[in-house]
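Reader: Before I go further, I should like to learn how helix packing and backbone angles are to be read. Please take me through some cases.

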Amino acid sequence: MSIHSKLLWILLITLSLTMLISTALLIFYDYNQSKQSLESELDVLTKVIADRSRAAVSFKDKRAASGNLSSLKAKQAIEQACLFLMNDELFVSYQNQSTDVKDCEKFQFEGNAVTAYTKDSLFFKQYVFLNKKPIALLQLEASLSPIYTRLWRFSSVALFVLLLSALVAYLVALRLQQYITRPLLSLNKTAANVTSLQDYSIRAEKTSNDEVGDLVESFNSMLNTIHSNEIQLREAMTELNEKKDVSDAKALSAEDKHAALKEFFAGVSHDLKQPINAMGLFMEAMKRAPNAVTQLELMDKLEQSLINLNQMFTDLLDKSKFEQGFQKAIKKEVSLSQIFSVIGSEFGVLATDKNIRLLMRGHANTVYSDSLMLERIIRNLVSNAIRYTEKGGVLLGVRKRKGQTWIEVWDSGQGIAKEKLQDIFQAHVQLDNPNHDPAKGFGLGLSIVNKMINNLGHELEVKSEPGKGTLMRVKIKNNLQVNKKKILPMPQLQTSALNDPLSGVVTLLVDDDENVLDATGITVQGWGMDVHKAGGFQQALDMAASLDFKIDLMLVDYDLGNGDTGKNLVKEIRQKAEKQIPAVIISGEAPEFLQTLADEGFNILRKPIKAARLRAMISHSLSAADH
Amino acid sequence: MIKRVLILLITLLVAKTGLVYANQADNHLRALFLYNFANYVEWPDSAFTRSHGQLHMCLFGEIEFLPMISVYDGTLIGERQLNVFQTTKLKEIEKGCHILFVSRDKRIELPNFFNQIKYTYVLSIGERKDFSAKGGIVSIVRTSDRVQFDINLTAAMANRLTISSDLLSLARKIRRLK
């Protein structure tokens, strides 16, 4: 039921109830009044008639007495009047003509009562006195039906008035209740609008200063709160969405990383092929070796290749370096001669096997780059050059131009058509390998090279003439002080892989740790070097003296115990021999300290010693001394 | 003849008896009337020698209803005692009566009667139709069906008597001075 109907019902019920009660009371009052009025009227009438009848009774004048009673005609309610003598003889009587005729009978009043009620009638009695003695009794009987008629009529009118008032009240209330319901309905409508439109900026209109007005104010202030909360919620949602976008983007970039990772591993497998190929060649040579000595030499080469392979695995799979490999370059000073040395050793044998030459030219110096990445770049370029060159050779060169260091890989291979130059840097594109010959790799190398060069901030320049050859040039900005002291010559490659260049090199090996001394000795002896071991500073000096300082190379541990250092030993022997005997200082000291040694011109090898690096460093030191 | 005589005798007897009964009822009424006149007439105080003096009712002449009226002798009218007195001698009533009833046998004396009564305050009651017309106050008359009375109001007022309106309302005729 609507509030509108409820209000109407409340008004109608209240009004009707009030009117009903008041009307009932009024009817009851009127009924009693009518009875009392009739009673008092009859009382007077009875007394008057009785008084007037005295003389008639006295004179026994029935005619006069009857005439007296007949004056009661004026009172319609009186049905019967009887005048009895004291001997109960009926003297005269009066009968209302409009009622049924009945005999006069004495009514038995209770006690001294002079009035009595029956269901339909009211009885009155009055004695007629003469000289204070009753001489007759007048008895009146009045009908109560006029009172009942009046009661009924009054009730009907009251009911009619009640209904009429209710109707009028209904019409008036119908009109007036709008003052209460209209603001409420308006509020209700506003609330419905807010809900359906989800618009919290809608406000209810305040039209009164009563409780409904207060309600509207409370409602509006509640809406304010909801509105501001909604705005905050929206802002939070927007922020969340933005964060979601960011995280989606991150997820996408994670997918990219995953792709890069896959690419990286493909590149790694590509890189690892070279040493394995080299090892295969060494093993083939061993099968054909004429004698045991040659076999042993080949075994050493094989071992070295294995060490190189191990080194690559270690470097590539090392987690931090692995991440650096495809994520972020850590740039520092990189010695090109070291990289060239390793590459020369590795690819020399492959070139020899293909009956082409691998030459190194130029002046190796230091560049500012990531050593691992740069090595991989050069390795890839050289590898590709050898792969696509069938006659002539490959030249790995370095030179300084326009404030840059250029690392160049020349080949006399088949060359690349101009229109295909851009394609070679895309993954899985291999020119002239429609059958995807696995020996030629999977076409990932150059795309990785390109990425790494971009990552390092270097430039790659490609020049090619089909049928003549290709030049790949890596340009590195010179923001380092170039070591001008000595431009080291490139290590000369042996065209024959079967003769170890280190055999017969007189080497003074110094280390205060006996185990290291023995292990390193065995390693270098394996390369055919003439090793002379010393366990300390003085012992080394004595040994050098006994050799008459005719020493080709010194391999010295930095920390020789008792405060003696390898650096001092090298200096003293060089002084006594009066020449710059090549030396490699092996140390486990901190990198910063080693850098200061390198700055002083010493060749430094950091512990733990890896055979490949040791060999490369030895080769580098010797070749530098030759120049 | 004898039979006729017998029937006549019986008829006369029956008529006589009926007459006697009728007279008796009338006498009762006359006695009642007399008594009631005392009740509905007021005398001035000066009509009594004492404040609670007796009310004298004088019956003059032969009174047929004397036994009936005698029952009221000594009763109280208001605060006064009724004294009923009967005589045939005019002299005996000269000393004074409040009510004076004159019987039929004395009516011959009436023309001089009131001249002989020298006192006032007397309610004179007679049985002749012209009693009230000839100076009396109340005449008890027998009409065809009932006993009634006439009142000479002028005479009553001359005797300084106050007659109740109730009594007047019962009167057959009321004479008053024009």
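Author: The following turns treat one helix pair and then two loop residues in this predicted model.

Reader: At what angle do helix H1 and helix H4 of chain A pack, and how far apart are their axes?

Author: Helix H1 of chain A, residues 3-58, packs against helix H4 of chain A, residues 178-197, at an angle of about 160°. Their axes lie 10 Å apart. Angles over 145 degrees count as roughly antiparallel, and H1(A) and H4(A) are therefore roughly antiparallel to each other.

Reader: Is the crossing of H1(A) and H4(A) left-handed or right-handed?

Author: The crossing of these two helices, H1(A) and H4(A), is right-handed.

Reader: Which residues of H1(A) and H4(A) meet?

Author: On the H1(A) side they are A:Ile3, A:His4 and A:Leu7, which meet A:Ile180, A:Thr181 and A:Leu184 of H4(A). By class, this contact comprises four nonpolar residues, two polar and no charged ones.

Reader: Where does A:Asp548 lie, and what is its phi?

Author: A:Asp548 is not a glycine, yet its phi is positive, about 60°. The residue sits in the loop of chain A between helix H12 (537-546) and strand E16 (553-557).

Reader: Is A:Asp548 buried or exposed?

Author: A residue counts as exposed if 12 or fewer other C-beta atoms lie within 10 Å of its own. A:Asp548 has 8 other C-beta atoms within 10 Å, so A:Asp548 is exposed.

Reader: How should B:Arg160 be read?

Author: B:Arg160, also not a glycine, has a positive phi of about 60°. In chain B, the loop between helix H5 (153-158) and strand E9 (162-163) holds B:Arg160. With 13 other C-beta atoms within 10 Å, B:Arg160 is partly exposed.

Note on methods. Residues numbered from 1 in each chain as written. Chains lettered and ligands numbered in written order. Predicted model: local features only at pLDDT ≥ 70, side-chain atom pairs only at ≥ 80, totals over all residues. Axes fitted to C-alpha atoms, helices over the stretch in contact; angles between N-to-C directions. Helix = DSSP H or I, 4+ residues; strand = E, 2+ residues; numbered from the N terminus. Parallel < 35°, antiparallel > 145°, perpendicular 65-115°, else oblique. Left-handed = near helix turned anticlockwise from the far one by under 90°. Contact = placed C-beta atoms within 7 Å. Nonpolar A, V, L, I, M, F, W, Y, C, P; charged D, E, K, R; others polar. Buried ≥ 20, exposed ≤ 12 C-beta atoms within 10 Å, placed from the backbone.
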